[in-house]
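Please open the model in your viewer and keep the sequence panel beside it. The tour below proceeds by selections, each followed by a description of what can be found there.

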Amino acid sequence: MNSKPVILSGMQPTGQLHLGNYEGALKNWVSLQDKYQMFLCVVDWHALTSDFNDTAPMQDRIFQTAVDYLAAGLDPAKCAIFVQSDVKEHAELHLLLSMIVPTPWLERVPSYKEKVESLGLDSYGFLGYPLLMAADILLYKANAVPVGKDQLPHIELTREVLRRFNALYGPLFPEPEGLMAEFPVIPGIDGRKMSKSYGNDIRLADSEEDTIKKIKKMLTDPQKIRRGDPGRPEICPVFALHKVYNPGLDEIQAGCTSGALGCVDCKMKLAGYLNESLRPLRERRKELVNNKKYVINILEGGAERARQKAGSTMSQVREAMHLKRPDV
Ligand code: AMP
Ligand code: TRP
């Protein structure tokens, strides 16, 4: 028996991951893998809540996401890395929880309200998105769930639903905690939050040349037009990335503020540090991409381990809800 506390976390298979995903999630997972029993799920069913009309790229996106997990240093011996749809128990628990959750609990989740308006999503499955997430978490009786701030309302909903379950059918689920770490929001090349959907991202999979090209295009302080003009590092996205990747920040800060350092040189320095820091990960990534069978085997092995835990939880759930036929 593994007595370590359990972590469950997940990410949608958006395809190749970017620096924001790496700094804001993956790196943290890697640092937790020795202390926790980890289940890391590529949530393909969640992706369908918005991308149901274009499923052709799904398998490649799942593969690319898994490759980035492994390249970042997640060790399949320590964590079960798996695809949500390979473990059908997620669907069963989601269905059972849907019977006990009042719809207003789902309608008031902030991400629901926002996306109904901004993306026009109106499906039944989309309303159930946070409940599917609750099922992901509860199936593994997770003690902790490392996520970004935007996901906290979903963890709160998970707690409310499990309290209702425990009250109705007997105590089965422990209350999970959101494991928050303070991460910088990584800006993209246009200065907005780095995000694939904005097309402003730098990917782990990008070549060093592409990384340099993207950084050259980055937005800087609009008041600093040429070398000699003093700049304001605190509002510059290039400086925000220096903070993450450059160990000698003072030199950049002083050079920018005085004007002595031009933006082109500042960007080239950043590209150098960034490429150097990502080099080992990118080497591993190349090997993994060429070794498809190895990656798929890891996902299948992960699903096998996930199914053991999920299967044992579901058998307790069925018993608690009197859905198990008695022995005759
Ligand atoms: P997403 O698929 O965009 O929800 O990203 C998955 C996870 O990556 C999020 O929960 C965050 O932890 C992290 N993440 C995404 N974009 C950024 C960003 N620009 N800066 C920091 N973290 C990010
Ligand atoms: N909703 C999460 C996101 O968009 C992804 C997710 C699905 C998740 N199931 C989860 C995260 C379970 C943590 C635990 O980022």
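## Helices α10 and α13

Begin by selecting helix α10, residues 208-216, together with helix α13, residues 263-289, whose axes come within 10 Å and cross at roughly 145°. This is a predicted model, and what follows should be read with that in mind. If you turn the view to judge the sense of the crossing, α10 and α13 form a right-handed one. Now show side chains: on α10 the contact involves E208, T211, I212, I215 and K216, while α13 contributes K267, M268, L270, A271, L274, N275, R279 and R282. Coloured by class, the residues of this contact between α10 and α13 comprise 6 nonpolar, 2 polar and 5 charged.

## Helices α11 and α12

Next, select residues 237-245, which form helix α11, and residues 249-258, which form helix α12; the two pack with their axes 10 Å apart, at an angle of about 160°. Angles over 145 degrees count as roughly antiparallel, and α11 and α12 are therefore roughly antiparallel to each other. The crossing of α11 and α12 is left-handed. Which residues should be displayed to see α11 meet α12? On the α11 side they are F239, H242 and K243, and on the α12 side they are L249, I252 and Q253. Sorted by class, the contact of α11 with α12 holds 3 nonpolar, 2 polar and 1 charged residues.

## The two domains

Step back now and colour the chain by domain: domain 1 takes in 6-185 + 292-320, and domain 2 takes in 206-286. If you place a marker at the C-alpha centre of each, the centres of domain 1 and domain 2 lie 34 Å apart. Where the domains touch, 12 residues of domain 1 are in contact with 7 residues of domain 2. The area buried between domain 1 and domain 2 is about 770 Å², with 59% of it on carbon and sulfur atoms. To inspect the domain 1 side, select L19, E23 and A71, which supply 54% of the area that domain 1 buries against domain 2, more than any other three residues.

## Helices α2 and α3

Then select helix α2, residues 44-51, and helix α3, residues 58-71, which pack at about 130° with their axes 12 Å apart. That angle makes α2 oblique to α3. As you rotate the pair, note that the crossing of α2 and α3 is right-handed. With side chains shown, D44, A47, L48 and D51 of α2 can be seen to meet M58, R61 and I62 of α3. By class, this contact of α2 with α3 has 4 nonpolar and 3 charged residues, and no polar ones.

## Two backbone positions to check

Finally, turn to the backbone and select K141, which sits in the loop between α8 (129-139) and β4 (144-146). Although K141 is not a glycine, its phi is positive, at about 45°. The last stop is H322, in the segment after α14 (292-320). What is the phi of H322, given that it is not a glycine? The phi of H322 is positive, at about 60°.

Conventions. Residues are numbered from 1 along each chain as its sequence is written. Chains are lettered from A and ligands numbered from 1 in the order in which they are written. This is a predicted model: local features need pLDDT of at least 70, side-chain atom pairs count only at pLDDT 80 or more; totals for chains, interfaces and linings use all residues. Side-chain values use heavy atoms; hydrogens and water are left out. Axes are lines fitted to C-alpha atoms, for helices over the stretch in contact, and angles run from 0 to 180 degrees between N-to-C directions. Helices (H or I, at least four residues) and strands (E, at least two) are DSSP runs, numbered from the N terminus. Angles under 35 degrees count as roughly parallel, over 145 as roughly antiparallel, 65 to 115 as roughly perpendicular and the rest as oblique. A crossing is left-handed if the near helix is turned anticlockwise from the far one by less than a right angle, and right-handed if clockwise. Contact means heavy atoms within 4.5 Å. Ala, Val, Leu, Ile, Met, Phe, Trp, Tyr, Cys and Pro count as nonpolar, Asp, Glu, Lys and Arg as charged, and the others, Gly among them, as polar. Domain bounds come from an automatic or database domain assignment. Buried area is the accessible area (1.4 Å probe) that two parts lose on being put together, summed over both.
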